[in-house]
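These are my notebook entries on a structure that I wanted to read slowly, one part after another. I begin with the sheets and helices and then turn to the spaces between them.

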Amino acid sequence: MVRVFFIFIFIIKLSYGDLLEDKIKSLVSEITYEKHYKLIKKIFQNREDYYLCENKVDMIKVIKNLKENGLLNLFFDSPKKNHITFETNSNPVLFMKIIEDNLRNLGYYYFMSDEIRYDENAFGWKISFVSEYTLDPEIFSQFLIKNGCEVLDIVREDESTWRYVINVDNARLNATKLLLNEKIRLKKPLNDYWLIVKEGKKISIASYGGNRWYPKVTIYDKNLHVLKIYKKKRKTDWLVFYLPANAYYIKISDIFTLSNIKYGLRVTLE
């Protein structure tokens, strides 16, 4: 009986090792793997530390350790076209906004949207960009985690082609949360203001002197579906309106240019 138990444990460890090994091999080149085989074995000797569950490898941790030991090369000899696919289970609008925001946070302002696939159970977005290096999967994943996303898998299909599988059930934007009856000053904007207004029923927005604000305020639900848009084609100093049911986010901007509100705004949620 004891012998059977140890054989069972051995089989489990062997299957764990095979899965982890396959993931490592998919991330590093064949030459790197063969050259640094002993080092890789040493780094990942405590194999159970790299599993989230029986059949799921902690890819972020694996990538982090490969990077720290100089085994994961994300750079090219010359600029090359990168192909990145992002897959999720739901909320495609919110998902795309989070992906786009975090790409911009990492300096990827110019990329092409190559393909969008959507059905009842899955959504996929494929982008491409030309760069001397590919998107750093560890850093990008940490940004996603801050948005409440769960990175389920990271797959390197070849040197410049990656695929991310992401759960967005608890995802949220990095937006300023407004508390009831608290006056908040919004400083000079670099981008549109994004605010969380889920606690309130009414909001007032005041423009500071020196601005020439032509308001454009968009109200969204939690999944970034548009509920209502307020726009004014005349200069406005003060705007007050009731929030529709299910309001969660608002985006405050200017019809023409953010330079019109360079002195900021003051908002109060009631």
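**Entry 1: helices against a sheet**

I looked up helix H5 (residues 92–105) and found that H5 lies across E3, E4, strand E5 (123–133) and E7, running at about 10° to E5. Before going further I noted that this is a predicted model, and I keep that in mind for every entry below.

Next I took helix H6 (residues 137–146), which lies across E3, E6 and E7 and runs at about 20° to E7.

I then asked in which order the strands of this open sheet of five strands are arranged. The order is E4-E5-E3-E7-E6, and the pairing is mixed. Strand E4 (112–118) and strand E6 (150–158) are the edge strands, since each of them pairs on one side only. Neighbouring strands of this sheet are turned by 20° against each other on average, with direction ignored.

To see one pairing in detail, I followed strand E3 (residues 75–88) and strand E7 (residues 161–167), which run parallel and are joined by six bridges. When I picked histidine 83 and searched for its bridge partner in E7, I arrived at threonine 161. I added a reminder for myself that strands of a sheet pair through backbone hydrogen bonds, either parallel or antiparallel.

**Entry 2: one residue in H6**

I stayed with helix H6 for a moment, where glutamate 138 lies. Is glutamate 138 buried or exposed? Its relative accessibility is 14%, and because buried means under 20%, glutamate 138 counts as buried. Leaving aside residues up to four places away in sequence, I found that glutamate 138 touches Ile60, Ile63, Lys64 and Lys67.

**Entry 3: a second sheet**

Further along the chain I looked up another open sheet of five strands, with the order E8-E10-E15-E12-E13 and mixed pairing. Here the edge strands are strand E8 (176–177) and strand E13 (226–231), each of which pairs on one side only.

I checked the pairing of E8 with E10, and found two bridges between these strands, which run parallel. Lysine 177 has isoleucine 196 as its bridge partner in E10.

**Entry 4: strand E16 and its partners**

Why do I describe strand E16 (residues 265–269) as largely enclosed by the rest of the structure? I describe E16 in this way because four of its five residues are buried.

I then looked for strands joined to E16, and noted two of them. Strand E9 (residues 183–186) runs antiparallel to E16 and is joined to it by four bridges, with arginine 185 standing opposite arginine 266 in E16. Strand E11 (residues 202–207) also runs antiparallel to E16, and here there are five bridges; isoleucine 203 has leucine 269 in E16 as its bridge partner.

**Entry 5: the pockets**

I turned to the open spaces, and started with the largest pocket, which holds about 620 Å³ of space. Its lining consists of 21 residues, and those nearest the centre are Lys97, Asp101, Asn191, Asp192 and Trp194. Which element supplies the largest share of this lining? Helix H5 does, with six residues, and H5 and strand E10 (193–196) each supply at least two. Sorted by class, the lining of the largest pocket has nine nonpolar, six polar and six charged residues.

The second largest pocket holds about 210 Å³ of space. I counted 13 residues in its lining, of which Leu27, Val28, Ser29, Arg156 and Glu159 lie nearest the centre. Helix H1 (2–27) and E6 are the elements that give two or more residues to the lining of this second pocket. By class, I recorded four nonpolar, four polar and five charged residues in the lining of the second largest pocket.

**Entry 6: the cavity**

Finally I asked how many cavities of 30 Å³ or more a search of the whole structure finds. The search finds one, and the volume of the largest cavity is about 30 Å³. Its lining is made up of Glu21, Ile24, Tyr33, Ile40, Lys41, Phe44 and Arg47. The elements that give two or more residues to this lining are H1 and helix H3 (37–43). By class, the lining of the largest cavity has four nonpolar and three charged residues, and no polar ones.

Definitions and conventions. Residues are numbered from 1 along each chain as its sequence is written. This is a predicted model: local features need pLDDT of at least 70, side-chain atom pairs count only at pLDDT 80 or more; totals for chains, interfaces and linings use all residues. Side-chain values use heavy atoms; hydrogens and water are left out. Two strands pair if DSSP finds at least two bridges between them. Axes are lines fitted to C-alpha atoms, for helices over the stretch in contact, and angles run from 0 to 180 degrees between N-to-C directions. Contact means heavy atoms within 4.5 Å. On a 1 Å grid over the protein atoms alone, a cavity is a set of points where a 1.4 Å probe fits but cannot get out, and a pocket is an open set with protein on both sides within 12 Å along at least five of seven lines; lining residues have an atom within 4 Å of a point. Grid points are joined across faces, edges and corners, and a volume is the space filled by probe spheres set on the points. Ala, Val, Leu, Ile, Met, Phe, Trp, Tyr, Cys and Pro count as nonpolar, Asp, Glu, Lys and Arg as charged, and the others, Gly among them, as polar. Buried means under 20% relative accessible area, exposed over 50%, partly exposed in between (1.4 Å probe, protein chains only).
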